[in-house]
Amino acid sequence: MNGHQRARGCFAPILAIETSCDETAAAVLDEHERALANIISSQQALHERFGGVVPELASRAHIQNVEHVTAQALKEAGLSFCDLRAIAVTQGPGLAGALLVGLSYAKALGYALEIPLVGVSHLEGHIASAWIDRPSFPRDCVVLIASGGHTHLFHASADGLRLMGRTIDDAAGEAFDKGAQLLGLGYPGGPRIDKAAQCGRPDAVRFPRSRVRGPQLNFSFSGLKTALLYHLRDMSSSAIEAQRNDLAAGYQEAIVDVLERQAFAAVRQAKVSALAVVGGVSANSRLRARLTARATIEGIELALPSLAYCTDNAAMIAAAGLRALAEGRRASIESEAIPNMALPITPQNPHEYLPG
């Protein structure tokens with residue numbers, strides 16, 4: 001056991017709160033980073049009729065749910081507030097009002113219990129999720145974060161995170177949501193397209209795959225959304241209805257192709273033999289199948305979090321919090337929510353950083 005592992009144990013059991021968007025979540029991890037509880041209260045039904053997340057409604061729902069969700073997590077873990085050694089909370093990036101609810105609640109708990117509090121980046125949490133189920137997974141690896149708001153490639157090593165690529169416009173999850181809306185599949189888009197595509201042929205309709213020129217392995221999905229829009233514009237409603245599953249499968253295949261291509265290009269470029277794919281889009285069944293098949297062929301060790309840790313959850317925030325506390329990071333009663341919170345990366349020049 002190294003120093004950081006021993007230090008992380010000093011802050012467990014740890015409670016984590018996640019309210020960055022439309023999931024109110026609380027989790028408890030032990031000193032081995034095992035999830036004793038991971039509770040998620042979804043707001044999907046609340047936002048579904050609007051076709052997306054309404055920030056004010058999300059904030060109000062967090063206020064109503066955060067105390068109950070936390071109590072449920074402690075009950076499932078078999079612990080009381082007095083058993084906690086630390087608290088972690090998502091400080092950003094995310095919706096300002098939503099973040100404020102979780103941060104305010106966590107600060108109050110930390111102050112009342114007189115235990116350490118740490119604010120972490122939502123992206124740190126997604127990265128940490130790769131090791132919750134796989135603690136022995138190599139720390140020197142490529143990490144692809146693919147979610148509703150983020151699509152980024154990193155080389156993770158003992159030296160920190162080095163940015164290898166990012167979306168120059170829309171995230172992969174945003175492309176799924178917009179595509180589902182155009183296809184009349186509803187919200188949330190990712191699961192709806194995944195389900196429809198399972199009944200369609202991915203080669204029935206071919207959509208464009210973006211290739212962004214430059215030194216980094218960047219992504220672009222705005223052109224794909226436009227291609228779907230123009231394709232549907234020239235179709236009758238009856239034709240769309242008849243071909244909806246094929247359209248969903250072809251559209252999904254275009255996103256998956258790009259994510260797979262860039263991820264394995266990053267593995268080759270970084271000269272590593274391990275790849276972690278995290279974030280809500282990593283729950284996509286077609287992406288998981290394609291990544292697993294290629295990793296097996298190329299001899300690459302692959303980490304795909306279990307579905308419970310793919311979408312927004314508090315267990316990943318707890319895991320990231322344990323690492324942050326071991327590094328000496330702390331939040332205070334004056335800490336503020338940071339909607340565009342930056343994720344520090346290993347600079348290639350003195351001014352390089354990754355905006356949230």
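A disulfide is a pair of cysteine sulfur atoms within 2.5 Å. I started with that cut-off and applied it to this predicted model.

**Entry: cysteines**

By this rule I count zero disulfides. I then looked at individual cysteines. The sulfur of C21 has its closest cysteine sulfur in C310, 17 Å away, which is too far for a bond. C21 is partly exposed, at 23% relative accessibility. C141 is in no disulfide either: its nearest cysteine sulfur is also that of C310, at 15 Å. I find C141 buried, with a relative accessible area of 0%.

**Entry: helix α10**

Next I checked the length of α10. How far apart should the ends of this helix be at 1.5 Å a residue? The helix runs over residues 285-298, which is 14 residues, and the expected span is 20 Å. I find the end C-alpha atoms 20 Å apart, which agrees.

I then asked which residues of α10 are buried. They are L287, R288, R290, L291 and A295. They cover an arc of only 165° around the axis, which puts them on the same side of α10. The general background is helix periodicity: with 3.6 residues a turn, residues three or four places apart point the same way. On the other side of α10 I find T296 and I297 exposed.

What do the buried residues of α10 pack against? I noted three partners: α9 (237-270), β9 (274-278) and β10 (301-303).

I also looked at both ends of the helix. At the N-terminal end of α10, N284 acts as a cap. A side-chain oxygen of N284 lies 3.0 Å from the backbone nitrogen of R286. Just after α10 comes G299, with a positive phi of about 70°.

**Entry: aromatic pairs**

I searched the whole structure and got three aromatic pairs. One of them is F207 with Y251, in an edge-to-face arrangement. The ring centres are 6.0 Å apart and the planes are at 85°. F207 sits in the loop between α7 (189-197) and α8 (222-233), while Y251 is in helix α9, so the pair ties together parts that are 44 residues apart in sequence.

Are these two rings buried or exposed? F207 is buried, with a relative accessible area of 3%. Y251 is buried as well, at 0%.

**Entry: N313**

I followed one polar side chain in the loop between β10 and α11 (315-326), that of N313. N313 counts as buried, at 0% relative accessibility. What does its side chain reach? A polar atom of the N313 side chain lies 3.3 Å from the backbone oxygen of Y309. A polar atom of this side chain also lies 3.1 Å from the backbone nitrogen of A315.

I then left aside neighbours within four places in sequence. N313 is still in contact with E18, A25, N38, I40 and A308.

**Entry: cis peptide bonds**

I checked omega at two prolines. A cis peptide bond joins A12 and P13, with omega about 5°. P13 lies in the loop between α1 (3-9) and β1 (14-18). Another cis peptide bond joins G92 and P93, where omega is about -15°. I place P93 in the loop between β4 (86-92) and α4 (96-113).

**Entry: positive phi away from glycine**

I noted two residues here. E33 has a positive phi of about 65° although it is not a glycine. E33 lies in the loop between β2 (23-29) and β3 (35-42). At 8% relative accessibility, E33 counts as buried because the limit is under 20%.

K271 has a positive phi of about 60°, and K271 is not a glycine either. Where is K271? I find K271 in the loop between α9 and β9. K271 is exposed, with a relative accessible area of 75%.

How values were computed:
Residues numbered from 1 in each chain as written. Predicted model: local features only at pLDDT ≥ 70, side-chain atom pairs only at ≥ 80, totals over all residues. Heavy atoms only, no water. Helix = DSSP H or I, 4+ residues; strand = E, 2+ residues; numbered from the N terminus. Expected span 1.5 Å × (residues − 1). Buried < 20%, exposed > 50% of the residue type's maximum accessible area, 1.4 Å probe, protein only. Arc of directions from axis to C-beta. Contact = heavy atoms within 4.5 Å. Polar contact = N/O pair within 3.5 Å; in protein donor to acceptor, adjacent residues only side chain to side chain. Phe/Tyr/Trp six-rings, centres within 6.5 Å; stacked < 30°, edge-to-face > 60°.
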